[in-house]
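Got a minute to look at a protein model together? Let's go through a few labels and ask what earns each one.

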Amino acid sequence: MDPLLTSNGRPYGPYRYEKIVEECYVISKKTNTSYTDVLKMTPLEREYLLKFIRRDVERENELIEQRRRNTPK
């Protein structure tokens, strides 16, 4: 049961569609999977993959920051 409007009064449908496209784009880009194959995934699969991608990016950023701090100037 999605709302009809976003919090700023815009129609929710186009907003949600854009978010789904963005999710599919990120998954496709980060996993080297075709966009068409990502569209075949269930919403739950997309949610899990986005969670895993976020976790990996956070780990990578932490490693970069550690290396930056440990690099002599």
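**What earns the label?**

Q: What makes the span of helix 3 close to the expected one?
A: This is a predicted model, and in it helix 3 has 28 residues. The expected span is 1.5 Å times one less than the number of residues, which gives 40 Å here. From first C-alpha to last, helix 3 reaches 41 Å, so the two values are close.

Q: Which residues of helix 3 are buried, and what covers them?
A: The buried ones are Arg-46, Leu-50 and Ile-53. Their cover includes helix 1 and helix 2, the latter running 35-39.

Q: Why is Thr-6 called buried?
A: Buried means under 20% relative accessible area. Thr-6 comes in at 16%, so it counts as buried. You'll find Thr-6 in the segment before helix 1, touching Pro-11, Tyr-12 and Tyr-15, if you skip residues up to four places away in sequence.

Q: How do you know that the side chains of Thr-6 and Asn-8 make a polar contact?
A: The cut-off for the N or O pair is 3.5 Å. Theirs is at 2.4 Å, so the distance fits.

Q: What makes up the largest nonpolar core, and which helices supply at least two residues each?
A: The core has 6 residues: Cys-24, Ile-27, Val-38, Met-41, Leu-50 and Ile-53. Helix 1 (12-31) and helix 3 (43-70) each supply at least two of them.

Q: What does Val-38 touch, leaving out residues up to four places away in sequence?
A: Val-38 touches Cys-24, Ile-27, Ser-28, Thr-33 and Arg-46.

How values were computed: Residues are numbered from 1 along each chain as its sequence is written. This is a predicted model: local features need pLDDT of at least 70, side-chain atom pairs count only at pLDDT 80 or more; totals for chains, interfaces and linings use all residues. Side-chain values use heavy atoms; hydrogens and water are left out. A nonpolar core is a set of buried Ala, Val, Leu, Ile, Met, Phe, Trp, Tyr and Cys residues joined through side-chain atoms within 4.5 Å. Buried means under 20% relative accessible area, exposed over 50%, partly exposed in between (1.4 Å probe, protein chains only). Helices (H or I, at least four residues) and strands (E, at least two) are DSSP runs, numbered from the N terminus. Contact means heavy atoms within 4.5 Å. A polar contact is a pair of N or O atoms within 3.5 Å; within protein, one must be able to donate a hydrogen and the other to accept it, and residues adjacent in sequence count only if both atoms are side-chain atoms.
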